[in-house]
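Reader: Hi! I'm new to this one and would love a friendly walk through it. Could you take my questions as they come?

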Amino acid sequence: MTAIYPLESPGGWHLIGATPVRAVRSAPPRPALLSPGDAVRFEPVTVREFDAIRAAVAADAYQVPCETVAA
């Protein structure tokens with residue numbers, strides 16, 4: 001089992017990583033990054049990649065990579 005925290009907070013889970021991508025935004029039409037039933041794949045990135053993604057997110061220029069999976 002896994003949990004994704006939408007913000008930094010204490011919890012009881014063993015944390016395995018962090019992301020600079022916002023899980024919740026105030027921008028419509030989709031304020032939440034994930035919806036019920038979405039599949040999520042966690043991928044490791046280097047510190048340099050993490051910082052580049054963080055900068056792109058801050059500039060509102062980052063698009064989360066998505067792929068359609070056939071059922």
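Reader: Which residues lie nearest the centre of the second largest pocket?
Author: Those are Arg 25, Leu 33, Tyr 62, Gln 63 and Val 64, out of 13 residues that line the second largest pocket. Keep in mind that this is a predicted model.

Reader: Thanks! How do the residues of that lining divide?
Author: In the second largest pocket, the lining has 8 nonpolar residues, 1 polar and 4 charged.

Reader: And how much space lies in the second largest pocket?
Author: About 310 Å³. The largest pocket, for its part, has a volume of about 1700 Å³.

Reader: Let's go there, then. How many residues line the largest pocket?
Author: The lining of the largest pocket is made of 38 residues, and the ones nearest its centre are Ile 4, Thr 19, Val 40, Arg 41 and Phe 42. By type, that lining splits into 27 nonpolar, 5 polar and 6 charged residues.

Reader: Which residues form the nonpolar patch on the surface?
Author: Ile 4, Leu 34, Val 40 and Phe 42 do, and together they have about 360 Å² of accessible area. Ile 4, Val 40 and Phe 42 are also among the residues nearest the centre of the largest pocket.

Reader: Where does Leu 34 lie along the chain?
Author: Leu 34 is in the segment before α1, the helix that spans 47-58. Leu 34 counts as partly exposed because its relative accessibility is 38%, and the range for that label runs from 20% to 50%.

Reader: What about Val 40, where is that?
Author: Val 40 is in the segment before α1 too. Its relative accessible area is 43%, so Val 40 is partly exposed. If you want a distance, the C-alpha atoms of Val 40 and Tyr 5 are 14 Å apart, with their positions 35 residues apart in sequence.

Reader: New topic: how many salt bridges are there in the whole structure?
Author: A search of the whole structure turns up 2. In one, Arg 41 pairs with Glu 43, with the closest N and O atoms 2.9 Å apart. In the other, Arg 41 pairs with Glu 67, and there the closest N and O atoms are 3.0 Å apart.

Reader: Which parts of the chain does that pair with Glu 67 link?
Author: The pair links distant parts: Arg 41 sits in the segment before α1 and Glu 67 in the segment after α1, 26 residues apart. Taken together, Arg 41, Glu 43 and Glu 67 are linked in a network of salt bridges.

Reader: Why does Arg 41 count as exposed?
Author: Because its relative accessibility is 57%, and exposed means over 50%. Glu 43 has a relative accessible area of 55%, so Glu 43 is exposed as well. Glu 67 is also exposed.

Reader: Can we step back? How many helices and strands does the chain have?
Author: The chain has 1 helix and 0 strands. Its C-alpha atoms fill a box of roughly 35 × 30 × 25 Å, taken along the principal axes.

Reader: What share of the residues count as buried?
Author: Of the 71 residues in the chain, 6% count as buried.

Reader: Which residue other than glycine has a positive phi?
Author: One to look at is Asp 60, with a phi near 55 degrees. Most residues other than glycine have a negative phi.

Reader: Is Asp 60 buried or exposed?
Author: Asp 60 counts as exposed because its relative accessibility is 69%. You will find Asp 60 in the segment after α1.

Reader: Last one: where does Thr 2 lie?
Author: Thr 2 belongs to the segment before α1. With a relative accessible area of 54%, Thr 2 is exposed. The C-alpha atoms of Thr 2 and Asp 51 are separated by 24 Å, and the two residues are 49 residues apart along the chain.

How values were computed. Residues are numbered from 1 along each chain as its sequence is written. This is a predicted model: local features need pLDDT of at least 70, side-chain atom pairs count only at pLDDT 80 or more; totals for chains, interfaces and linings use all residues. Side-chain values use heavy atoms; hydrogens and water are left out. On a 1 Å grid over the protein atoms alone, a cavity is a set of points where a 1.4 Å probe fits but cannot get out, and a pocket is an open set with protein on both sides within 12 Å along at least five of seven lines; lining residues have an atom within 4 Å of a point. Grid points are joined across faces, edges and corners, and a volume is the space filled by probe spheres set on the points. Ala, Val, Leu, Ile, Met, Phe, Trp, Tyr, Cys and Pro count as nonpolar, Asp, Glu, Lys and Arg as charged, and the others, Gly among them, as polar. Patches are made of residues with over 30% relative accessible area and no salt bridge: like charges are joined within 9 Å, nonpolar side chains (Val, Leu, Ile, Met, Phe, Trp, Tyr) within 5 Å. Accessible areas come from the Shrake-Rupley method with a 1.4 Å probe; for residues, only the protein chains shown count as cover. A salt bridge is a side-chain nitrogen of Lys or Arg within 4 Å of a carboxyl oxygen of Asp or Glu. Helices (H or I, at least four residues) and strands (E, at least two) are DSSP runs, numbered from the N terminus. Buried means under 20% relative accessible area, exposed over 50%, partly exposed in between (1.4 Å probe, protein chains only).
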